[in-house]
Structures are given as structure tokens and as C-alpha cells.
Amino acid sequence: MLGWSLIRVTGESMYPVLKPGSFAVFRRQAKYEDGDVLLVNHPRFGKIVKRALDVGAKTLWLEGANTNSLSRETMGPIEPNQVQGKLVYQIQRGG
Amino acid sequence: MIYTILNYLDRKGLIGRASAHCDIPCGIYDPGPALIAAVSVVRLMDIAHDGASEDPVALANLRARCTLRKEEEAEKVKQEVRVIWGDYFKAPLLEAHPNVHGLVHAIMQKASACKQDVHREDGLALVELVNEFAEIFWQTKSVETVRKTCPYPPKLKLVYPVLAD
């Protein structure tokens, strides 16, 4: 939808940044920075939400928000064109 | 309000999902084995107390076996509960059920008491604590529970999930 995505988050690896079951709005950006929470089309894990790490011109790495997450090594480097957008808004239960 | 609308749209399948993947995606946890082990502790105490053989060697053998198995079943209670508590209960669930830490600690202590001695009241208390743990576990799954008398000795009330088809 013109660079915008609305998804529901499942899993706990981004807690407390994103609670399981919350809704999140992502917007495609020209470039991303370390610490951005990204929606990614991962070649192995499908559509996932993770935090950007070591963002470079050709690759960037991913990490979770807590120790339950898949490790950055497991997820491996990804290319910027696999990123669908950066978290810009979230709606939680009661919010 | 917005969440409620989005929740409705999500249930209609209109909103995609993205996973915040965790380390192990198996997700298979069940307090049932812990409950069976807890009941077994009581049963083994009963058998040890009721052993009525006139042969002292046979009686010693029976009680030795009961003691050994009681030790193993009590340890199994601890192991099963520790895994659910340590691996399944994560921050959001702990926020919703802050008493879990204290309950698990009480289970560890009571299971140890059951290993150390043969007081039936300790065994019954262990079953009750694991029942409470099972009820909390199923609450986190939004599954209703019922307490029914188990269909085998020592015929104690246990927590069972009321599962849909």
C-alpha cells in the first residue's frame, strides 16, 4: 500500500518494544539506521519484525529486543531491498 | 477503540502477520506430566505405608523400590515445572501472572520435602501446588479447566483442560 504496511505481531522476541498481539504500522524508507525496528521479508523466516544493527550500504543485520530472540548469526545479513519498512506507529490492547 | 477495530479486521483475515521469532519455535508445553508425577509421589507414599508383607526382606525391597521411584517422580515434578516456568513463561505472561515465581519456588520446596520424607500431607500439598500451576498455565492459553478425580489411585482431584475439538 504505497510503502505502508499494517501487521499484527506474533511472538515475544521484540518485547517490550512490541508486545505480542499488538498491531504495528511500518513505512518504507530510503535508508535505515541502527536501532530502527524493521519489517523484513526474510528468505528463511518469512515476514519478521526485528531491530536493525550494523546497517551498511549493501547489507544490514538484525537482532531481537531480548534474549529469547533468534541470534543475529542465525538470521544472517540481509539486503536493504528485503526491508518492507520501519516501525512508525503501534497500537496495543487498551491503546 | 482502534485496537478493537483492528482486532475485528484481523479476525476477518484482513491483516497480515509478522513474527517476532523466538529461539525455539516448538511451543509444546503441558503441565500434565508434572501432575501425573505429583500424584505418583502420593501413590508411592501410600504403597510404602501400606506394605503388609510378612516377609521382612520383601517388605524392605518394596519400600526401597517405593523410595527410589518417589525420588524420581518428585524430581520429575521439579524438572517439568522448571521447563515450563523457564522456557514458556516469558515477560508478558509473567506480568499477567506475577505469582508464578513464588508458586514455582513453593513447588520446588515441597517436592524436596516429599523426597526427604514420607509425609502424605506433603504429597497432597505438592499435588495442590501443581494443580494451581496447571490452572495458571491453561489460563495463559485461554483454555478453561476443570478439577476432576483422577481415575486411578490415589483418586485425587486434578486439573484437566477442557479442550475444544
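**Interface, salt bridges and unusual backbone**

Q: Does B:D10 count as buried or exposed?
A: The model is a predicted one. The relative accessibility of B:D10 is 6%, and the cut-off for a buried residue is under 20%. B:D10 therefore counts as buried.

Q: Which residue forms a salt bridge with B:D10?
A: B:D10 sits in helix α1 of chain B, and its salt bridge crosses between chains to a residue in strand β1 of chain A. The closest N and O atoms of the pair are 2.5 Å apart. At 9% relative accessibility, the partner counts as buried. That partner is A:R8.

Q: How many salt bridges are there between chain B and chain A?
A: Over all chains, the structure holds 14 salt bridges. The pair of A:R8 and B:D10 crosses between chains. Between chain B and chain A the count is one.

Q: How many residue pairs are in polar contact across the interface of chain B and chain A?
A: On the chain B side, 19 residues are in contact with 27 residues of chain A. About 2,100 Å² is buried between the two chains, 60% of it on carbon and sulfur atoms. With both residues at pLDDT 80 or more, the number of pairs in polar contact is ten.

Q: Which element gives the largest share of the side of chain B that touches chain A?
A: Three elements of chain B give two or more residues to this side: α1 (2-11), β1 (16-19) and α4 (91-96). The largest share is five residues. Those five come from α1(B).

Q: How many residues on the side of chain B that touches chain A are nonpolar?
A: The residues on this side divide into three classes. Four are polar and five are charged. The nonpolar residues number ten.

Q: Which residue in β1(B) stands opposite A:I7?
A: Strand β1 of chain A, residues 4-10, pairs with β1(B) in the parallel sense over four bridges. A:I7 stands opposite a residue of β1(B). That residue is B:G16.

Q: How many residues apart are A:R72 and A:D54?
A: The side chains of A:R72 and A:D54 meet in a salt bridge at 3.0 Å, N to O. The pair links distant parts of the chain, with A:R72 in helix α1 (residues 72-75) of chain A and A:D54 in the loop between β4 (46-53) and β5 (61-63). A:R72 counts as partly exposed at 24% relative accessibility. The separation in sequence is 18 residues.

Q: What is phi of A:D54, roughly?
A: In general, most residues other than glycine have a negative phi. A:D54 has a positive value although it is a residue other than glycine. Its relative accessibility of 41% makes A:D54 partly exposed. Phi of A:D54 is near 50°.

Q: Which residue of chain B has a positive phi although it is not a glycine?
A: The residue lies in the loop between β2 and β3 of chain B. Its relative accessible area is 53%, and the cut-off for exposed is over 50%, so this residue is exposed. With a phi of about 50°, the residue is B:K155.

Q: Why are B:R69 and B:E72 separated by about one helical turn?
A: The side chains of B:R69 and B:E72 meet in a salt bridge at 2.4 Å, N to O. B:R69 is partly exposed at 36% relative accessibility, and B:E72 is partly exposed at 38%. The separation is about one helical turn because, in helix α3 (residues 56-88) of chain B, the two are three residues apart.

Q: Which backbone nitrogen does the side chain of A:Q82 reach?
A: A:Q82 is placed in the loop between α1 and β6 (83-91) of chain A and counts as buried at 19% relative accessibility. Not counting residues up to four places away in sequence, A:Q82 touches A:L39, A:V40, A:N41 and A:P43. At 2.8 Å, its side chain reaches the backbone nitrogen of A:E79.

Q: Which residue does a cis peptide bond join to B:P153?
A: Most peptide bonds are trans. A cis bond with omega of about 10° joins A:Y15 and A:P16, and A:P16 is in the loop between β1 and β2 (23-27) of chain A. In chain B, a cis bond with omega of about 10° joins B:P153 to B:P154.

Key. Residues are numbered from 1 along each chain as its sequence is written. Chains are lettered from A and ligands numbered from 1 in the order in which they are written. This is a predicted model: local features need pLDDT of at least 70, side-chain atom pairs count only at pLDDT 80 or more; totals for chains, interfaces and linings use all residues. Side-chain values use heavy atoms; hydrogens and water are left out. Contact means heavy atoms within 4.5 Å. Buried area is the accessible area (1.4 Å probe) that two parts lose on being put together, summed over both. A salt bridge is a side-chain nitrogen of Lys or Arg within 4 Å of a carboxyl oxygen of Asp or Glu. A polar contact is a pair of N or O atoms within 3.5 Å; within protein, one must be able to donate a hydrogen and the other to accept it, and residues adjacent in sequence count only if both atoms are side-chain atoms. Ala, Val, Leu, Ile, Met, Phe, Trp, Tyr, Cys and Pro count as nonpolar, Asp, Glu, Lys and Arg as charged, and the others, Gly among them, as polar. Two strands pair if DSSP finds at least two bridges between them. Buried means under 20% relative accessible area, exposed over 50%, partly exposed in between (1.4 Å probe, protein chains only).
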